[in-house]
Amino acid sequence: ERLVRLQSFDGSFSVSEELAQILGREVLAQAQSRGADEKTWATVLALVYLRKHLQDQPELLEGLEEKATEYIQEAYGEDFSALLRAAEALMA
C-alpha cells in the first residue's frame, strides 16, 4: 500500500527515502549501470515489486502496471525487456 501511494500521476516512481526503504537502496543505486535514469529504473523496480506483491489483486495491479509501463516506454524506449529482466533478477 505504501508503494502504491508513491506512484506519480504519470505512472512513474521517483527515488525517495520511502521508496528506498521498500525496494532497497542497493538496487535503486544501480540505475546508471543498467543504462537508465534514476526515475525510469525506480519505476521498473516498482513495477516488478507490484507484480510480485499484488498477484491476488489483479484489478488494482492492472491499472498501476499500465501507467508504469506507459511511463517506462516513453522514458526508456519501446523495448525495455532487458531492463525488466535485470530488475526481476534483483528483486527475486
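Analyst: Buried means under 20% relative accessible area, exposed means over 50%, and partly exposed lies in between (1.4 Å probe, protein chains only). This is a predicted model, where local features need pLDDT of at least 70 and side-chain atom pairs count only at pLDDT 80 or more, while totals for chains, interfaces and linings use all residues. Residues are numbered from 1 along each chain as its sequence is written, and side-chain values use heavy atoms, with hydrogens and water left out.

User: Why is Glu 65 called partly exposed?

Analyst: Its relative accessibility is 22%. Partly exposed is the class between under 20% and over 50%, so Glu 65 belongs there.

User: What makes Arg 51 and Glu 65 a salt bridge?

Analyst: A salt bridge needs a side-chain nitrogen of Lys or Arg within 4 Å of a carboxyl oxygen of Asp or Glu. Here N and O are 2.5 Å apart, so the pair qualifies. Arg 51 is in helix 4 and Glu 65 in helix 5, so the bridge ties together parts 14 residues apart in sequence. Helices are DSSP runs (H or I, at least four residues; strands are E, at least two), numbered from the N terminus. Arg 51 is partly exposed too, at 27%.

User: How many salt bridges does the structure hold?

Analyst: It holds 3. One of them joins Arg 2 and Glu 18, with the closest N and O atoms 3.3 Å apart. Arg 2 lies in helix 1 (residues 2-6) and Glu 18 in helix 2, so this pair links parts 16 residues apart in sequence. Another pairs Arg 25 with Glu 17 at 2.6 Å, N to O. In general, side chains of opposite charge can pair when their charged atoms come close.

User: Why are Arg 25 and Glu 17 not classed as buried or exposed?

Analyst: Arg 25 has a relative accessible area of 46%. Glu 17 stands at 45%. Both values fall between the two cut-offs, so both residues are partly exposed. The Arg 2 bridge has partners in that class as well: Arg 2 is at 37% and Glu 18 at 30%.

User: What makes Lys 67 a charge over the ring of Phe 9?

Analyst: The rule asks for NZ of Lys or CZ of Arg within 6 Å of the ring centre and within 35 degrees of the ring normal. Lys 67 lies over the face of Phe 9, at 4.3 Å from the ring centre. That distance is within the limit, so the contact is called a charge over a ring.

User: How many aromatic pairs are found?

Analyst: The search of the whole structure finds 0. A pair would need ring centres of Phe, Tyr or Trp (its six-membered ring) within 6.5 Å; planes under 30 degrees apart would be stacked, over 60 edge-to-face, the rest tilted.

User: How do you know which side of helix 6 is buried?

Analyst: Helix 6 spans residues 81-91, and its buried residues are Leu 83, Leu 84, Ala 86, Ala 87 and Met 91. They cover an arc of only 160 degrees around the axis, which puts them on the same side of the helix. The arc is taken over the directions from the helix axis to the C-beta atoms. The face turned away carries the exposed residues Arg 85 and Ala 89.

User: What do the buried residues of helix 6 pack against?

Analyst: They pack against helix 2 (17-23), helix 3 (25-28), helix 4 (38-53) and helix 5 (58-76). Contact means heavy atoms within 4.5 Å. Ala 86, for example, touches Arg 34 and Trp 41, not counting residues up to four places away in sequence. Ala 86 is buried at 16%.

User: Why is Leu 23 called buried, and what does it touch?

Analyst: Its relative accessibility is 8%, so it falls under the 20% cut-off. Leu 23 is found in helix 2. Leaving aside neighbours within four places in sequence, Leu 23 is in contact with Leu 28, Ala 42, Leu 45, Ala 46, Tyr 49 and Met 91.

User: What makes a set of residues a nonpolar core, and which members touch the most others in the largest one?

Analyst: The set consists of buried Ala, Val, Leu, Ile, Met, Phe, Trp, Tyr and Cys residues joined through side-chain atoms within 4.5 Å. The largest such core has 30 residues, and Leu 23, Trp 41 and Leu 45 touch the most other members. Helix 2, helix 3, helix 4, helix 5 and helix 6 each give two or more residues to this core. Helix 4 supplies the largest share, 8 residues.
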